[in-house]
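Please find below my notes on the structure, set out as numbered points.

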Amino acid sequence: MDTSRPLELRLSGPPAPTDVGRLCALLDAAEPTVVVCEIGGLEPAGLAGVDALARLRLTARRRGHRLVFTGAGPELREMLDLFGLGELL
């Protein structure tokens, strides 16, 4: 895993399915690395944001990336905890 230059992503939302598909395709094409994903803009917190983060996490794990989410607000943290995805943060 090349960690010399992390891949940086930014989500603001609510994310559209095409946005998530594009980001997942980017992760699929990249060599395994650290991926830092800024999610502070995913407000208001909702199911689309939770779905997007779960899909990104699955894609990153499948491709060998280490995914780090930063900037989550309190509402998004609560939503992720509610759905059992609090460990993503």
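1. Leu47, Leu82 and Phe83 together make a nonpolar patch of about 350 Å² on the surface. The model is a predicted one, and the patch should be read in that light.

2. Within this patch, Phe83 belongs to the segment that follows helix 3. Its relative accessibility is 44%, so Phe83 counts as partly exposed, because that class covers values between the 20% limit for buried and the 50% limit for exposed.

3. A patch of negative charge is also found on the surface, where Glu43, Glu75, Glu78 and Asp81 gather. Of these residues, Glu75 is placed in helix 3, which spans residues 74-82. Glu75 has 46% relative accessibility and therefore counts as partly exposed.

4. Gly64 sits in the loop that joins helix 2 (47-63) to strand 3 (66-70). With a relative accessible area of 30%, Gly64 is partly exposed.

5. How far apart in space are Gly64 and Met79? The C-alpha to C-alpha distance between Gly64 and Met79 is 26 Å, for a separation of 15 residues in sequence.

6. As regards confidence, the protein chain has an average pLDDT of 88, and 96% of the residues score at least 70. Confidence is lowest in strand 1 (residues 2-12), where the mean is 81. Strand 2 (residues 33-41) has the highest confidence, at 93.

Definitions and conventions. Residues numbered from 1 in each chain as written. Predicted model: local features only at pLDDT ≥ 70, side-chain atom pairs only at ≥ 80, totals over all residues. Heavy atoms only, no water. pLDDT = per-residue confidence, 0-100. Helix = DSSP H or I, 4+ residues; strand = E, 2+ residues; numbered from the N terminus. Patch = residues over 30% accessible without salt bridge, like charges linked within 9 Å, V, L, I, M, F, W, Y side chains within 5 Å. Areas by Shrake-Rupley, 256 points an atom, 1.4 Å probe, with all protein chains shown as cover. Salt bridge = Lys/Arg side-chain N within 4 Å of Asp/Glu carboxyl O. Lys, Arg positive; Asp, Glu negative; His and termini not counted. Charge placed at Lys NZ, Arg CZ, Asp CG, Glu CD. Buried < 20%, exposed > 50% of the residue type's maximum accessible area, 1.4 Å probe, protein only.
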